[in-house]
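Here's a quick briefing to read alongside the model. Keep the viewer open as you go.

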Amino acid sequence: MKDVVFSGIQPTGLIHVGNYLGAIRKWVALQDRHPCYYCVVDYHAITAPYDPADLPRRTLEAVAANVAAGLDPDRSVIFVQSQIPEHTELCWIFNAVTPVGELQRMTQYKDKARQRRESVNAGLLNYPILQAADILLYRGTLVPVGEDQAQHLEFAREVARRFNALYGETFPEPQVMLGDFPRVLALNDPAVKMSKSVPGSYIALTDEPETIREAVAKAVTDTGPRTGNEMSPGVKNLFDLLGAFSSPDTVRRFQQAYQDGSLRYVELKRVLADDLVSALEPVRRRYRELLARPDDIRDIVRNGADRARPVARATLAEVREKVGILRV
Ligand code: AMP
Ligand code: TRP
């Protein structure tokens, strides 16, 4: 049977090269070969502090940024999670079969709970259940994501297994598919991953050329003296970006220079910044064009929901029946 691709992204127009190389580039490639569902997860987003007045705009911007990056609303089902209430309904049913201890062991939950201390809400704890519901509602089997989501995917498999064991075979176990660069590092601190919550750590696909050049110029390379031929994480990260955005010849030239000790990081950064600016130029342009036509973005969202809804309803009808929910 053909794989069904499902993935989700938080509602913000700020998509960085980590999101792109870790996940979205795969999403774009898979559109030719599989039925694909790509979901902007606004109900996940409200588990973190946020401004309600901003959320609708951020949601539309996320759709626009993903389309600018190469998602095609004709081939893929691009939609917004909250438009399909079956996501939260299935989440509730999964709540009822999930041990709390498993949720408390999730590393993302532990990290966020540590940062927030007294303001930990139940939504943050149950976040992976909603994510499992997202995927299983469409019987997704292939989930392209970055490495930080691997544990949530393992959890979603467990949810499917547990539900199937209790109520009979219903869901396939979704498989994680890591992107080409599953963990792009922060430019300003290669000890952690690139993240939109840390300015200076990322390059956004829609950044202005000057912003890109500045962020690359400030990237951390070696923090101490070079030991042997092992690249420091910061340098390796720059080479990864070079591999993704520059020509094979350019990559070879700099690798050679690294080997024979003649590499100058300013030179590497200048070329990388130039290549990033020209590779991202069309994305930035398409994003601006789309934002100028918000009604078109709304059409994409409406159309996506119309295609997602019948699938979600059919799955939920089957689940309600199996769980013993009254039908009158
Ligand atoms: P988010 O922005 O958290 O919604 O993430 C969207 C997708 O990008 C998810 O599949 C993440 O795993 C992936 N992702 C986020 N940050 C990185 C990173 N620094 N490197 C690789 N993939 C990432
Ligand atoms: N939790 C994911 C992230 O922060 C986003 C997400 C929500 C997701 N639902 C999903 C990813 C379903 C894959 C499949 O990146």
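What follows covers one helix pair and the internal cavities.

This is a predicted model, where local features need pLDDT of at least 70, side-chain atom pairs count only at pLDDT 80 or more, and totals for chains, interfaces and linings use all residues. Residues are numbered from 1 along each chain as its sequence is written, and side-chain values use heavy atoms, with hydrogens and water left out.

**Helix pair**

- Helix H10 (residues 233-245) packs against helix H12 (residues 265-291) at about 40 degrees, with the axes 10 Å apart; axes are lines fitted to C-alpha atoms over the stretch in contact, and angles run from 0 to 180 degrees between N-to-C directions.
- Helices are DSSP runs (H or I) of at least four residues, strands (E) of at least two, numbered from the N terminus.
- That angle makes H10 oblique to H12 (under 35 degrees is roughly parallel, over 145 roughly antiparallel, 65 to 115 roughly perpendicular, the rest oblique).
- On the H10 side, the residues in contact (heavy atoms within 4.5 Å) include Phe239 and Phe245, and they meet H12 residues including Lys269 and Asp275.

**Cavities**

- A search of the whole structure turns up two cavities of 30 Å³ or more; on a 1 Å grid over the protein atoms alone, a cavity is a set of points where a 1.4 Å probe fits but cannot get out, and lining residues have an atom within 4 Å of a point.
- The largest has a volume of about 50 Å³ (the space filled by probe spheres set on the points, joined across faces, edges and corners).
- Its lining is Gln108, Tyr109, Lys112, Leu124, Tyr127, Pro128 and His152.
- The second largest cavity holds about 30 Å³, and strand E2 (residues 36-40) gives the largest share of its lining, three residues.

Methods:
Chains are lettered from A and ligands numbered from 1 in the order in which they are written. On a 1 Å grid over the protein atoms alone, a cavity is a set of points where a 1.4 Å probe fits but cannot get out, and a pocket is an open set with protein on both sides within 12 Å along at least five of seven lines; lining residues have an atom within 4 Å of a point.
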